[in-house]
Amino acid sequence: MSQIQLCNISKSFQGSFVFKNVDLKGEAGQIIAIRGKSGVGKSTLLNIIAGLELPTSGSYQLDDINMVEKNINELSRIRGEKIGYISQFSPMVPNLTAFENICIPLLLIKQNDDVTDSRMKRIEELSKLFEIQDLLHKKVNKLSGGEIQRVGIIRSLVNEPSIIVADEPTGSLDDETSSNILDYFHTLKLEGILIILATHSKMVSDHSDIVYNLTKDGLILEK
Ligand SMILES: Nc1ncnc2c1ncn2[C@@H]1O[C@H](COP(=O)(O)OP(=O)(O)O)[C@@H](O)[C@H]1O
Ligand SMILES: [Mg+2]
């Protein structure tokens, strides 16, 4: 179980502000959606939450960790332990199979045989659920965009994160597959996972507990 609290977060690139004064609190078992115009900083904000980027100013507490004091290596370890990151264009190693790409996060944390067994079982279950079980041993450069997106989602879930950060996770998926993924997010929510996502989709917002609109001056509560 995890919780996050961001206070007064601002981010600028080369001196120009993308957004200022973002406050956000997220608790175990919530699905939080962030909407907003293209270029308003949704991906930047999610990158900060995922520990992929640091804010220009403000504070960010993840459980008992002060995230703005951590260096890149520490953030990457924290991500490996706690955070599953899903993006619309999941980066893949093209010459590896879908299964090998899914297993990459397993290299980042210590495993024993029991853990490995349970992770393998999880990969099998999720591959069936997202209908890619017959594609696992194909090289990812032979897969379609939607198939790669599902491989990316499974990869982000394999280490059983307590927080999922998803940047337009259904962006290249049809309605039926999107709906499967949203149903699965709902199952994770009931298990106490915190899910924060950026989206343009009404279907995704409708499935979220809390919906914010990101503007230059911070987050505005919509639902
Ligand atoms: N690494 C970066 N360097 C400079 N500008 C960036 C960088 N990352 C994002 N930006 C700028 O920040 C703004 C917000 O981008 P982004 O977070 O991708 O928005 P959104 O996801 O809402 O479309 C854009 O103007 C983008 O060009
Ligand atoms: Mg974006």
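**Exercise 1. A patch of negative charge**

Determine which residues gather in the patch of negative charge on the surface of this predicted model, and state where Glu-131 is placed.

*Solution.* Step 1: the patch on the surface brings together Glu-131, Asp-174, Asp-175 and Glu-176. Step 2: to place Glu-131, consider the elements on either side of this residue, namely α4 (113-129) and α5 (145-157); Glu-131 belongs to the loop between them. Step 3: the relative accessibility of Glu-131 is 53%. Exposed residues are those over 50%, so Glu-131 is classed as exposed.

**Exercise 2. Backbone angles with a positive sign**

Find the phi values of Glu-131 and Asn-8, and describe the setting of Asn-8.

*Solution.* Step 1: as a reference, most residues other than glycine have a negative phi. Step 2: for Glu-131, phi is near 55°, a positive value in a residue that is not glycine. Step 3: Asn-8, likewise not a glycine, has a positive phi of about 55°. Step 4: Asn-8 is part of strand β1, and its relative accessible area of 42% makes it partly exposed.

**Exercise 3. Overall dimensions**

Establish how many helices and strands the protein has, and assess its radius of gyration against the globule rule.

*Solution.* Step 1: the secondary structure amounts to 7 helices and 10 strands. Step 2: the radius of gyration is 17 Å, and the globule rule gives 17 Å for 223 residues; the two values are close, so the protein is as compact as a globular protein of that length. Step 3: along the principal axes, the C-alpha atoms fill a box of roughly 45 × 35 × 35 Å. Step 4: of the 223 residues, 51% are buried.

**Exercise 4. Salt bridges**

State how many salt bridges a search of the whole structure finds. Then analyse the pairs Glu-53 with Lys-11, Glu-81 with Arg-77, and Asp-209 with Lys-189.

*Solution.* Step 1: the search of the whole structure yields 9 salt bridges.

Step 2: in the pair formed by Glu-53 and Lys-11, the closest N and O atoms are 3.5 Å apart. Glu-53 is in the loop between α1 (42-49) and β4 (57-62), whereas Lys-11 is in strand β1 (residues 4-13); the pair therefore ties together parts that are 42 residues apart in sequence. Lys-11 has a relative accessible area of 9% and is buried.

Step 3: Glu-81 and Arg-77 form a salt bridge in which the closest N and O atoms are 3.5 Å apart. Both residues lie in helix α2 (residues 72-82), with a spacing of 4 residues, about one turn of the helix. Glu-81 is partly exposed at 45% relative accessible area, and Arg-77 is also partly exposed, at 47% relative accessibility.

Step 4: the side chains of Asp-209 and Lys-189 meet at 2.9 Å, N to O. Asp-209 is in the loop between α7 (202-206) and β9 (210-215) and Lys-189 is in helix α6 (residues 175-190), so this salt bridge ties together parts that are 20 residues apart in sequence. Asp-209 is partly exposed, with 34% relative accessibility, while Lys-189 is buried, with a relative accessible area of 15%.

**Exercise 5. A residue of helix α5**

Decide whether Gln-149 is buried or exposed, and give the separation of its C-alpha atom from that of Met-92.

*Solution.* Step 1: Gln-149 lies in helix α5. Step 2: its relative accessible area is 1%. Buried residues are those under 20%, so Gln-149 is buried. Step 3: Gln-149 and Met-92 are 57 residues apart along the chain, and their C-alpha atoms are separated by 9.8 Å.

Note on methods:
Residues are numbered from 1 along each chain as its sequence is written. Chains are lettered from A and ligands numbered from 1 in the order in which they are written. This is a predicted model: local features need pLDDT of at least 70, side-chain atom pairs count only at pLDDT 80 or more; totals for chains, interfaces and linings use all residues. Side-chain values use heavy atoms; hydrogens and water are left out. Patches are made of residues with over 30% relative accessible area and no salt bridge: like charges are joined within 9 Å, nonpolar side chains (Val, Leu, Ile, Met, Phe, Trp, Tyr) within 5 Å. Accessible areas come from the Shrake-Rupley method with a 1.4 Å probe; for residues, only the protein chains shown count as cover. A salt bridge is a side-chain nitrogen of Lys or Arg within 4 Å of a carboxyl oxygen of Asp or Glu. Lys and Arg count as positive and Asp and Glu as negative; His and the chain ends are not counted. The place of a charge is taken as NZ of Lys, CZ of Arg, CG of Asp or CD of Glu. Helices (H or I, at least four residues) and strands (E, at least two) are DSSP runs, numbered from the N terminus. Buried means under 20% relative accessible area, exposed over 50%, partly exposed in between (1.4 Å probe, protein chains only). The radius of gyration is taken over C-alpha atoms; the globule rule is 2.2 Å times the number of residues to the power 0.38.
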